Amino acid sequence: MGELNVRVLCFNMACMRRVAVSFLGVRSLIVLTLLLMCVFTSCDKMEDVDGDKELDSLYVPAFDLSGVDSVLLKPGLRILAIGNSYTVDFTRMLSKVVNSVCDDKPDIAFYSLIRGNGSFYDWYNISRGYDTSSYDCRKVLDNLGLSVQTGSCSGSDNSLLRAVLSEEWDVVVIQQRSLWATEYGMWFGEEQPGYLRDWLSVVRSYQPKAVIAFPIIHSYYSKYKDNVELSSSDRHANIVRSVSALFAEKPVFQIVIPYGTAVELLRETSYNNEYDLTRDGTHLGYGLPCYAAACCVYETLLSRRVGKSVSGTSFSYTCPSWERTSAYPCIDIDEVSARVAQDCAVSACAPYMLR
């Protein structure tokens, strides 16, 4: 496992054991425990996990993904992510991850619609021509040669949104604004944190057959002004609770992308820094944190169709000069740190890959 902190291995082993007991039964627990013992026997020593750590809070209950395999494995997979600047964070390095894993270009297209600080409410208002902020469509990865319209548009002009939504998409990822990511009880109301039901109705009117996915986003830096929990880990646990409630109550959502958990696990390693791996208190730091997030997206949506896990992939990255201008540090990636990020991503995804 290279430099991956032993505490993180124990941390995930305990999480997966508890998920297995609650949702898969004793027989699956035995099988899973044996598999985990095989994986982790290379560690000479396992330290006890801090008993004060609420391990269960880091995972949405496991569920069966077999119903969406036919979509994720279909020829010419098309994915659209609709969200805010955090969508940029978790897709920023996705093409590099795919290129590092795949010998040949996989038949995948991935686009994103971005509105800064965008919430369900904001996207719903864009669909009605009521929003005044600009939004844009970006190509993340396209090996299919699609003619998807890209560029920027004002919120009062919903033609770009309508054009992109009118394309055929197999998976649509939607997300909540980070400020309200912990406030599940408000997501279905009629104030700004709400309007999820209305926004879903718009998405479904264009994409009645698409699989709907939802990310577990990363949490703020512990000392960030909007972090009311005053702890990145406590806020992350509250984000997970919101997503857990969503999946328990709204079966329309079929895939969870736990990239925020991958980042939280990375924060448990020696690669964490005084800013909790952010570049401004809220967005992911350039380099290693964005790489871990992209690895998680790949592992969730693409690994089965490609037939390769991101784990063990050779990867390195030196942050360019423009990524070094922030007062917060970026983190270059070498072979060792890449393996740590990969392990964090795979561990974060593991509970959702169980059959």
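These are my notebook entries on one protein chain, taken from a predicted model.

**Entry 1: the chain as a whole**

I began with the overall make-up, and I noted 13 helices and seven strands in the protein chain. I then looked up how much of the chain is covered, and found that 57% of its 355 residues count as buried. The accessible surface comes to about 14600 Å², and carbon and sulfur atoms account for 48% of that area. For contacts between residues with a separation of 6 or more, I wrote down that 76% join residues 24 or more positions apart along the chain.

**Entry 2: the nonpolar core**

Next I asked which residues touch the most other members of the largest nonpolar core. The core holds 106 residues, and the two that answer my question are Trp-199 and Tyr-291. Helix 11, which covers residues 288–301, gives the largest share of this core, with 11 residues.

I followed Tyr-291 further, since this residue lies in helix 11 itself. Its relative accessibility is 0%, and because buried means under 20%, Tyr-291 counts as buried. Leaving out residues up to four places away in sequence, I listed its contacts as Met-93, Val-97, Val-310, Phe-315, Ile-333, Ala-338, Ala-341 and Gln-342. I also checked Tyr-291 against Asp-89, and although the two are 202 residues apart in sequence, their C-alpha atoms are 9.2 Å apart in space.

For Trp-199 I made the same kind of list, again without residues up to four places away, and it contains Ile-82, Phe-120, Trp-123, Tyr-124, Ser-127, Leu-161 and Ile-174.

**Entry 3: an enclosed helix and a partly exposed residue**

How many of the eight residues of helix 10 are buried? I found that eight of the eight are, so this helix, residues 259–266, is largely enclosed by the rest of the structure. The buried residues include Gly-260, Thr-261 and Glu-264 as well as Val-263, Leu-265 and Leu-266.

I then turned to Ala-163, which lies in helix 7, residues 159–165. Ala-163 has 28% relative accessibility, and it counts as partly exposed because that value falls between the 20% and 50% limits. Its C-alpha atom is separated by 7.1 Å from that of Gln-149, which is 14 residues away along the chain.

**Entry 4: a pocket and Tyr-220**

I looked at the second largest pocket, where about 170 Å³ of space lies. Of the 13 residues that line this pocket, Asn-117, Ser-178, Tyr-220, Tyr-224 and Thr-282 lie nearest its centre. By class, I counted four nonpolar, six polar and three charged residues in the lining.

Tyr-220 seemed worth its own note, and I placed this residue in the loop between strand 6 and helix 9. Is Tyr-220 buried or exposed? With 3% relative accessibility, Tyr-220 counts as buried. Apart from neighbours within four places in sequence, its contacts include Ser-178 and Thr-282, and also Tyr-86, Asp-226, Arg-235 and Arg-267. Leu-179 is another residue in contact with Tyr-220, and the C-alpha atoms of this pair are 9.3 Å apart, with their positions 41 residues apart in sequence.

**Entry 5: cavities**

I also looked up closed spaces, and the count came to two cavities of 30 Å³ or more. The largest cavity has a volume of about 40 Å³. Strand 6 (211–215) and helix 9 (232–249) are the elements that give two or more residues to the lining of this cavity. The lining is made up of Gln-176, Ala-181, Trp-187, Phe-214, Pro-215, Ile-217, Ile-239 and Val-243. Sorted by class, seven of these are nonpolar, one is polar and none is charged.

**Entry 6: two positive phi angles**

Most residues other than glycine have a negative phi, and I therefore wrote down two residues with a positive value. Tyr-195 has a phi near 70°, and Tyr-195 lies in the loop between strand 5 (171–174) and helix 8 (196–206). Leu-230 has a phi of about 60°, and this residue is found in the loop between strand 6 and helix 9. I compared their cover as well: Tyr-195 is buried, with a relative accessible area of 18%, whereas Leu-230 is exposed, with 65%.

Conventions. Residues are numbered from 1 along each chain as its sequence is written. This is a predicted model: local features need pLDDT of at least 70, side-chain atom pairs count only at pLDDT 80 or more; totals for chains, interfaces and linings use all residues. Side-chain values use heavy atoms; hydrogens and water are left out. Helices (H or I, at least four residues) and strands (E, at least two) are DSSP runs, numbered from the N terminus. Buried means under 20% relative accessible area, exposed over 50%, partly exposed in between (1.4 Å probe, protein chains only). Contact means heavy atoms within 4.5 Å. Accessible areas come from the Shrake-Rupley method with a 1.4 Å probe; for residues, only the protein chains shown count as cover. On a 1 Å grid over the protein atoms alone, a cavity is a set of points where a 1.4 Å probe fits but cannot get out, and a pocket is an open set with protein on both sides within 12 Å along at least five of seven lines; lining residues have an atom within 4 Å of a point. Grid points are joined across faces, edges and corners, and a volume is the space filled by probe spheres set on the points. Ala, Val, Leu, Ile, Met, Phe, Trp, Tyr, Cys and Pro count as nonpolar, Asp, Glu, Lys and Arg as charged, and the others, Gly among them, as polar. A nonpolar core is a set of buried Ala, Val, Leu, Ile, Met, Phe, Trp, Tyr and Cys residues joined through side-chain atoms within 4.5 Å.
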